[in-house]
Amino acid sequence: MGIVEAILLSVITAATPLVLAAAGELVAERSGVLNLGVEGMMIMGAVSAFAATQITGSPYIGVLAGIGAGVLFALLFGFLTLTLVANQVATGLALTLLGLGVSGMLGEGFLGMQGIKLQPITIPLLSQVPFLGPLLFRQDAIFYLSIAVVAGIHWFLFRSRAGLKLRAVGDSHASAHALGVDVVRTRYLAVLFGGACAGLAGAQLSLVYTPQWVENMSAGRGWIALALVVFASWRPWRVVAGGYLFGAVSISQLHAQAFGIGIPSQFLSSLPYLATIIVLILISHNRRMTLINTPASLGKPFVPDR
Amino acid sequence: MKKLLVALATTAAVLGVVSAASAQEKAKVCFVYVGSKTDGGWTQAHDIGRQQVEKELGDKVETQFLENVPEGPDAERAIERLARSGCGLIFTTSFGFMDATIKIAQKFPDVKFEHATGYKTAPNVATYNSRFYEGRYIQGQIAAKMSQKGLAGYIASFPIPEVVMGINSFVIGARSVNPDFKIKVVWANTWFDPGKEADAAKALIDQGVDILTQHTDTTAPMQVAAERGIKAFGQASDMIAAGPQTQLTAIVDTWGAYYVKRTQAFLDGKWESTSSWDGLKDGILTMAPYTNMPDDVKAMAEATEAKIKSGELKPFTGPLNKQDGSPWLKEGETADDGTLLGMNFYVEGVDDKLPQ
Amino acid sequence: MRIELEKRPKVSTLFSVLSPFIAFALTIVFGGIMFALLGKNPVTALYSFFVEPLSEVWSLHELAIKAAPLILIGVGLSVCFRSNNWNIGAEGQFIMGAIAGSILPVVFYDWQSPVVLPLMMLFGMIGGALFAAVPAFLKAHMNTNEILTSLMLVYVAQLFLDWLVRGPWRNPQGMNFPETRTFGADAILPEMIASGRTHWGFAFAIVAAVLVWFMMRYTLRGFEITVLGQSARAGRFAGFSSRKMIWFSMLFSGALAGLAGIAEVSGAIQQLRPVISPGYGFTAIIVAFLGRLNPLGIVAAGLVLALTYLGGEAAQLSIGVSERVTRVFQGLLLFFVLSCDTLIHYRIRLVWERFAATKTEEAH
C-alpha cells in the first residue's frame with residue numbers, strides 16, 4: 001500500500017463522522033431549525049452504540065442503538081424548540097451539556113472495555129479495482145451509509161415533492177403554512193433525521209474510528225460538523241467536500257510532523273481551521289448563490305395560528 | 001458594608017474552625033483531579049492511589065476528591081473549598097494547579113498541601129513527582145531490540161519538560177543498544193482525544209515506524225498498533241487488554257505507595273515539606289509485565305530495571321550529545337535533577353524540532 | 001393529547017416574573033427525583049446546589065469571580081445576537097484579549113507605573129475587537145458566514161496562546177514550564193472588597209450590563225440594533241446600514257470578550273497559561289439567551305449559572321455524586337428555564353383529541 005493510499009484511508013475514517021453529522025444537521029437547518037446540540041447527540045450515539053455492542057455482541061445492533069439515542073435526544077430538542085418554541089440556540093447548547101453529562105453516567109460501566117470493531121464489507125469486483133478498490137470498496141457499513149445518506153438527501157431536497165416542502169418550510173414558514181404544509185411536523189421529522197445522523201456519526205467513533213468508550217470522545221467534532229454545514233452553504237455534496245478537506249488537512253499535518261518539517265506543531269494543528277475559512281471565503285464570493293441556499297427562516301420559531 | 005462583610009467573614013472562619021475541630025476524630029485527606037477519575041489514564045492512576053490510602057489507613061482517615069477541576073481560578077476555589085471543609089492534607093494532582101496551591105496554602109497555614117509535578121514549595125507545601133523517564137529508558141532499549149528498521153514513532157502530547165525528558169530518555173535507551181536508532185515525533189496537542197491519537201499513530205506507521213510509544217492518555221494508539229500488527233508500549237496504566245499481542249510493556253503510575261507513606265507521616269505528626277522525586281525503586285512507577293518479546297530481550301529489560309533500581313544505572317549519563325551534535329554530558333557525568341526538570345532540548349537522534 | 005400554544009395578545013408581565021420560579025420549582029422536583037433514584041438524599045443535594053454556595057462569604061466572592069466573565073461576554077453577545085449577527089467565537093476573542101492585554105506585563109515587565117493596568121484593559125479590549133474584526137470584515141465585505149469563521153478562529157486562538165506560552169513568552173525563571181511570568185503588582189487587577197477575592201472584573205461586568213441596558217432602551221443606536229435585527233430591509237428604509245451594524249456589533253462584543261479575558265487573567269490567574277478559560281465564551285452564549293438577551297437578565301442568568309458550578313462542587317463533596325451528575329442537573333435546570341419562558345408569550349393548552357373534535361363541531 002502506498003503512502004497516498006494510506007493517507008486517504010485515514011482521511012476517510014476521520015471525515016466520515018463529520019460528513020454524517022453535518023449532513024443530518026443540514027436537513028434540520030434546511031427546514032429552518034438550528035440545532036447546536038450536535039455534539040451532545042453525537043456523544044450519546046457513541047456511548048449507546050458502544051454499550052449495546054458490548055451487551056449484545058453485535059456492532060450492528062450497536063449502530064441501531066446509536067441512531068436511536070441520537071433520535072431520542074433530537075426528540076427532546078424538538079419538544080422544547082418546536083412544541084414549546086424555546087430558543088433554539090440556547091436549547092442546543094444545553095443539549096450538548098446534557099449529552100456530555102448523561103453519556104458519562106451511562107458509560108461509567110463500560111470504561112476500559114475492549115471494543116468490538118464494525119468489520120469492513122468487501123464489495124465483490126469493485127474492490128478489485130486498482131487504487132480505488134481498497135480505498136472505497138473495502139470499508140465498513142457506516143462509510144457506505146454516509147455516502148448513501150448524502151446522495152439521498154440531495155435527491156430528496158432537490159428532486160422530491162416532500163423535499164420541496166421541507167425547503168419551503170425553511171425559507172418561509174408562514175407561506176408554507178398558508179399553502180397547507182404542516183410546518184411543525186416537517187420540522188420535527190427533519191430534526192429527528194438530524195439526530196439519527198449525529199447518533200450514527202457517534203456510533204462510527206466508538207465502533208470504527210477508535211473502538212472504545214472514553215468520556216468526551218467526540219472531542220468537539222460536533223462543532224466542526226456544525227461549521228461544515230455553513231461551509232457547504234447548505235448543499236449536501238459540499239458537506240462531503242468540506243468534511244474531506246478538513247480531514248485531509250488534519251491528517252496531512254500529522255504526516256508533516258512525522259516527516260520532521262520543523263514548523264511548530266501549533267501552527268500545523270491550526271491549518272484545518274484556517275483552510276476551511278479560506279476555502280469558504282473563496283466560494284462565498286457569489287452573494288446571490290449564498291442567499292438562495294440559505295434557509296431564510298433559520299432559527300426562527302413558528303407557532304401556527306389557530 | 002465593608003465592615004459587615006469582614007465581620008461575617010470572621011464569624012464564618014470561626015465557625016469553620018469549630019466544625020473542622022469536631023470532625024477531627026478521622027483525619028480527612030483530599031485530592032483535586034484535573035480529569036475524570038475514570039479517565040483510564042492520569043487521573044485514574046491518582047484515584048487508584050487514593051483508594052489504596054482508604055484501604056490501608058481507612059480506620060484513621062477518610063478521603064474526598066473533586067474531579068474535572070479546570071486549571072486557573074476554578075482550581076483555586078476547589079482547593080479552598082477542600083481546605084475549608086476540614087481536609088488536613090490535600091493532594092493537587094496536576095502541574096497546572098501549582099500557583100493555585102501556593103496561593104491557598106498561604107491562606108491556610110495549618111493545612112498541608114502536596115502538589116504533583118511542580119517545583120514551587122512552601123512550609124506547608126510539598127511537591128512530588130515520579131521518574132517516569134526510568135521506564136522510558138527501558139522501553140527505548142526494548143524498542144531498539146525489537147524494531148527491524150531501527151525507527152520508532154512517538155506520540156507526544158505537549159512540549160513540556162516532562163514529555164521532552166521522556167523522549168530523550170527513550171532515545172538514549174534505544175541508542176545504548178543500537179547507536180543508529182532514530183525516532184519520529186508527532187505532537188497531538190492534546191492529552192486526551194482518542195480519534196486524534198489514532199490518527200497520529202496511523203500517520204507514524206504509514207511513514208514506516210515499526211514500533212510505537214505514546215505520551216497521551218487513551219488506548220487508541222495501542223489499538224491501531226494491534227490492527228497494523230506492530231508492537232507498542234502502554235502509558236500510565238497497563239494497556240495489555242487493548243493489545244494482548246501488541247503491548248511490550250507499559251509504564252504504570254502507582255502513586256498509592258507515596259500517598260500511603262505521606263498520609264502516615266501526616267497522621268504521625270511527622271509531615272514535612274519535601275520535594276520528592278521517586279523512581280522505580282520506590283514503587284511510584286512500575287513496569288507492566290514484559291510480554292510479546294523473545295526471552296533475551298525480556299532478560300535485558302529485567303536486568304536494566306534491576307540496575308536502575310539499585311542505582312547502578314542512571315539513564316542520563318554521558319557521553320551524550322545534544323540534538324545538533326554538540327556535547328552535553330561528558331563520559332560518566334550524570335545530569336542533575338534541576339536540568340532534567342526544566343529540560344527543553346533534545347538529545348542526538350531525535351528527528352523533530354522543539355518550539356523555543 | 002396534544003400541546004397547543006396560543007399567542008398572548010401582549011407579553012405577560014406576570015409570567016415574565018413568575019416563569020423562572022416555576023422553572024426552579026420543576027427543577028427541584030425533577031432534580032430531587034433524580035438524586036433519589038441515584039440513592040442520594042435529595043434534600044442534602046439540593047441544599048448543596050442552591051443554598052450552601054450562598055451561605056458563606058468566601059463562596060459569594062467565588063460566585064462573583066465565576067459569573068463576571070460570563071456576564072461581560074454575554075452582555076456583548078446580546079448586542080450581536082439582537083442585531084442578527086452570529087458571533088459564536090467569543091471564546092477566541094476572550095483569549096486574544098487576554099494575550100493583547102498581557103503584552104505589557106509579560107514583554108515589558110520592567111515597566112512599573114499606575115497606567116499599566118488601564119493600558120492593559122484597553123489593550124485587552126482592542127485585542128478582542130481586532131480578533132472579532134476578522135469575521136466582521138469577512139461577513140461585511142466578503143460575504144462569508146460568520147458562524148463558521150468565528151468558530152474556527154477559536155481553535156486558532158487557542159493554539160496561538162499555546163504556542164506563545166510554550167515558546168516566546170515562556171517564563172525564563174519557570175523551569176521551562178508552559179507559563180508566562182507572574183504579573184507584577186502594578187499589573188494585577190485589585191480586589192474590590194477586603195473580605196475575599198472578587199476583583200474589579202465583576203464591577204466591569206455590572207457596569208457594562210447597565211450601560212448596554214441604557215443604550216438598548218434609550219438611544220438611537222439601541223433602536224437601530226433592534227430594527228436591523230428584526231429585518232435588514234426595514235432597517236434600510238430607516239436609513240440604517242446593516243454593513244455598519246455588522247462592524248459595530250462584532251467589534252463591540254469582541255471588545256467586551258477581550259476585556260473579560262484580560263480581567264480574568266489580570267485579576268484571577270495573574271499570568272498566561274496554555275488554557276485560561278473553561279469555555280466561558282461558549283457558556284456565555286447560553287447565559288445571553290437565558291437572560292433573554294436583556295443585559296439585566298444576563299446578570300441574573302450569569303449568577304445562576306455560576307451558582308450551579310459552585311453547587312456542583314459542593315454536591316460532589318457533600319453527597320459524593322460524580323461531576324457528570326452535576327452536569328446533568330445543570331442541563332435539567334437550563335431546559336426548564338428555557339421552556340418556561342414560553343409562558344411569557346404563549347398560553348399553553350393541553351388538547352385532548354376527542355374533546356377538540358367536539359369543539360370544532362360546535363363551532364360549525
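The secondary structure of chain A comprises 14 helices and 2 strands. This chain belongs to a predicted model, in which chain C is in contact with chain A and also with chain B. The points below take up chain A, chain B, the two contacts of chain C, and one buried residue of chain C, F329(C).

**Chain A: overall form**

- The radius of gyration of chain A is 19 Å, which agrees with the value near 19 Å for a compact globule of 306 residues.
- Along the principal axes, the box filled by the C-alpha atoms of chain A is roughly 60 × 50 × 45 Å.
- Of the 306 residues in chain A, 58% are buried.
- Among the contacts in chain A with a separation of 6 or more, 78% are between residues 24 or more positions apart.

**Chain A: helix α11**

- Helix α11 of chain A covers residues 236-259, 24 residues in number.
- From first C-alpha to last, α11(A) reaches 35 Å, close to the 34 Å expected at 1.5 Å a residue.
- G260(A), just after α11(A), has a positive phi of about 80 degrees.

**Chain B: two domains**

- Chain B is divided into domain 1, residues 21-130, and domain 2, which is made of residues 132-252 and 285-351.
- A distance of 30 Å separates the C-alpha centres of domain 1 of chain B and domain 2 of chain B.
- Each of the two domains of chain B puts 9 residues into the contact between them.
- On the side of domain 1 of chain B that touches domain 2 of chain B, helix α2 of chain B (residues 42-57) gives the most, with 3 residues.
- That side of domain 1 of chain B divides into 3 nonpolar, 5 polar and 1 charged residues.

**Chain B: strand β5 and its partners**

- Strand β5 of chain B spans residues 125-130, and 6 of its 6 residues are buried, so the strand is largely enclosed by the rest of the structure.
- In a regular strand, side chains alternate between the two faces of the sheet.
- In β5(B), one side carries V125(B), T127(B) and N129(B), and the other carries A126(B), Y128(B) and S130(B); both faces are covered.
- β5(B) pairs in the parallel sense with strand β4 of chain B (residues 112-116), over 4 bridges.
- Opposite Y128(B) in β5(B) stands A116(B).
- β5(B) also runs parallel to strand β11 of chain B (residues 275-278), to which 4 bridges join it.
- Opposite N129(B) stands W277(B) in β11(B).

**Chain B: helix α5**

- Helix α5 of chain B (residues 132-146) has 15 residues and reaches 21 Å from its first C-alpha to its last, close to the expected 21 Å at 1.5 Å a residue.
- Of the 15 residues of α5(B), 13 are buried, and the helix is mostly covered.

**Contact between chains C and A**

- The contact takes in 39 residues of chain C and 38 residues of chain A.
- On the side of chain C that touches chain A, two or more residues come from each of β1 (2-7), α6 (116-142), α7, α12 (280-290) and α14 (323-340) of chain C.
- α7(C) gives the largest share of the side of chain C that touches chain A, 11 residues.
- By class, the side of chain C that touches chain A holds 23 nonpolar, 9 polar and 7 charged residues.

**Contact between chains C and B**

- Here chain C supplies 26 residues and chain B supplies 33 residues.
- At least two residues of the side of chain C that touches chain B come from each of α3 (57-82), α7 (146-166), α11 (242-269) and α13 (295-318) of chain C.
- α3(C) gives the most to the side of chain C that touches chain B, with 4 residues.
- The side of chain C that touches chain B is made up of 15 nonpolar, 5 polar and 6 charged residues.

**Chain C: F329(C)**

- F329(C) lies in helix α14 of chain C.
- F329(C) has 25 other C-beta atoms within 10 Å and is therefore buried, the cut-off being 20 or more.
- Leaving aside residues up to four places away in sequence, F329(C) touches G31(C), M34(C) and F49(C).
- F35(C) is 294 residues apart from F329(C) along the chain, and their C-alpha atoms are separated by 9.3 Å.

Notes:
Residues are numbered from 1 along each chain as its sequence is written. Chains are lettered from A and ligands numbered from 1 in the order in which they are written. This is a predicted model: local features need pLDDT of at least 70, side-chain atom pairs count only at pLDDT 80 or more; totals for chains, interfaces and linings use all residues. Two residues are in contact if their C-beta atoms, placed from the backbone, lie within 7 Å. Ala, Val, Leu, Ile, Met, Phe, Trp, Tyr, Cys and Pro count as nonpolar, Asp, Glu, Lys and Arg as charged, and the others, Gly among them, as polar. The radius of gyration is taken over C-alpha atoms; the globule rule is 2.2 Å times the number of residues to the power 0.38. A residue is buried if 20 or more other C-beta atoms lie within 10 Å of its own, exposed if 12 or fewer, and partly exposed in between; C-beta atoms are placed from the backbone. Two strands pair if DSSP finds at least two bridges between them. The expected span of a helix is 1.5 Å times one less than its number of residues. Domain bounds come from an automatic or database domain assignment.
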